[in-house]
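Student: I have just opened a new structure and would like to learn how to read it. Could you guide me through it, feature by feature?

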Amino acid sequence: MPTEETFAYREVPVPEPGEGQVLVQTIYLSVDPYMRGRMSDQKSYVEPYQLNEVISGGIIGKVVESKSDRFHVGDKVVGMMGWQHYNAVDASEVRKVDDLIAPLSAYLSVLGMTGLTAYFGLLDIGQPKKGETVVVSGAAGAVGMVVGQIAKIQGARVVGIAGSDEKMDFLERELGFDRAINYKTADNLQKALEQACPDGVDVYFDNVGGPISDAVMNLLNDYARIPLCGAISSYNRTDGDLGPRVQTKLLKSRALIKAFIVGDYAHRFSEGIRDLAQWLSEGRLQYQETIVEGFENVPQAFFGLFKGENLGKQLVKISEP
Ligand code: NDP
């Protein structure tokens, strides 16, 4: 588990934008579980963070100086930038966002990386059909809350697994999930899942791995689909991953497990954003954000992801829009 000592604060001059660059003042900064993976030097789909270099991640900010004809001072942009108050970046590295279509923060959540992860993982790999049962773990988080709602839009029956009663209420009462299970208080998670999924499980959107996933996979129907999105229960383990321990069940059900990275779908992002924005505007998709304020609280917001402190997408507000 990372600690405050994992991070250091440095005061440096505000960078000067070069030709073709813009200077962006950070408004919202995204903390994400995948960043934990970049704090390890294991081979991965993305380069590890380097020691003593600035952490980078999703940021929304405003252009305060422009040396590019593509952006004007005052434009709001999103992109991968450093955890800093100010970043000088090439104009090609950021994209303009429109806060008249959705609040700015949405471009780091439901209309951003986590919304797209839910969209492509569920629809491309999970392929839920009307009347099928979809189970999602990490259900009240940034990806999970969108997965369950898209599954409902597809006509599926949806069961969410999350770690508090407040999260269960949110899923059942506000998002319209058919059932929610608190994995931290359930006497017997396997039994609770059996009761919640009397017709078995057709799609399991896996955000967490470990014992929760074992319990869900025990209930797979024939030809079930499992978009393998994340394994947060293993990210801080020092003794290796907990892989699925239900091989026989997987074999018998002839299930498909397909791991994916949202970036695999970069060529289709506009399609995903179009549908997500449409469902938002029709009121068929809701979203929640947990926003803490202040640059000094970035590490705590990051640690909170591993303790379940966030409802919906965790963001940090650094400055006023
Ligand atoms: P969330 O907003 O869901 O935050 C993480 C949540 O995980 C916490 O709120 C907590 O909720 C839950 N959690 C933490 N530790 C455990 C544990 N040991 N067992 C079970 N649940 C735990 O994060 P995201 O929505 O951003 O990400 C969800 C998953 O998707 C992560 O695994 C992430 O790495 C992955 N991901 C993958 C992407 C891809 O391209 N494949 C892209 C984006 C995310 P609770 O209270 O319920 O425990």
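**Around the ligand**

Tutor: Happily! Keep in mind that this is a predicted model. A good place to begin is the character of a shell: the residues around the ligand comprise 16 nonpolar, 13 polar and two charged ones.

Student: Which residues come nearest to the ligand?

Tutor: There are 31 residues around the ligand, and those that come nearest are Gly141, Val143, Gly163, Gly230 and Gly308.

Student: Which helix gives the most to this shell?

Tutor: That is helix 3, with three residues. Helix 2 (113-126) and helix 3 (142-153) each supply at least two residues of the shell.

**Two domains**

Student: How is the protein divided into domains?

Tutor: The domain assignment gives domain 1, made of 4-109 + 289-317, and domain 2, made of 113-263. Their C-alpha centres are 29 Å apart. As for contacts, twelve residues of domain 1 touch 17 residues of domain 2. On the side of domain 1 that touches domain 2, four residues are nonpolar, six are polar and two are charged.

Student: Where does the ligand lie with respect to domain 1 and domain 2?

Tutor: To place a ligand, ask which domains contribute to its shell. Here domain 1 and domain 2 both give residues to the shell, so the ligand lies between them.

**A strand and its partners**

Student: Let us turn to strand 1. Is it mostly covered or mostly uncovered?

Tutor: For a strand, look at how many of its residues are buried. Strand 1 spans residues 21-30, and nine of its ten residues are buried, which leaves the strand mostly covered.

Student: With which strands does strand 1 pair?

Tutor: Follow the bridges. Strand 1 pairs antiparallel with strand 2 (residues 56-66) over seven bridges, and Leu23 has Glu65 of strand 2 as its bridge partner. Strand 4 (residues 86-90) is another antiparallel partner, with five bridges; there, Val24 stands opposite Asn87. Strand 13 (residues 313-317) also runs antiparallel to strand 1, joined by three bridges, with Tyr28 opposite Lys317.

**One residue in a loop**

Student: Finally, is Pro198 buried or exposed?

Tutor: Count the neighbours: a residue is exposed if 12 or fewer other C-beta atoms lie within 10 Å of its own. Pro198 has 9 such atoms within 10 Å, so it is exposed.

Student: Where is Pro198 found?

Tutor: Pro198 sits in the loop between helix 5 (189-196) and strand 9 (201-205). Distance along the chain is a separate matter from distance in space: Pro198 and Thr133 are 65 residues apart along the chain, with 9.2 Å between their C-alpha atoms.

Conventions:
Residues numbered from 1 in each chain as written. Predicted model: local features only at pLDDT ≥ 70, side-chain atom pairs only at ≥ 80, totals over all residues. Near = placed C-beta within 6 Å. Helix = DSSP H or I, 4+ residues; strand = E, 2+ residues; numbered from the N terminus. Nonpolar A, V, L, I, M, F, W, Y, C, P; charged D, E, K, R; others polar. Domains from an automatic or database assignment. Buried ≥ 20, exposed ≤ 12 C-beta atoms within 10 Å, placed from the backbone. Pairing = 2+ DSSP bridges. Contact = placed C-beta atoms within 7 Å.
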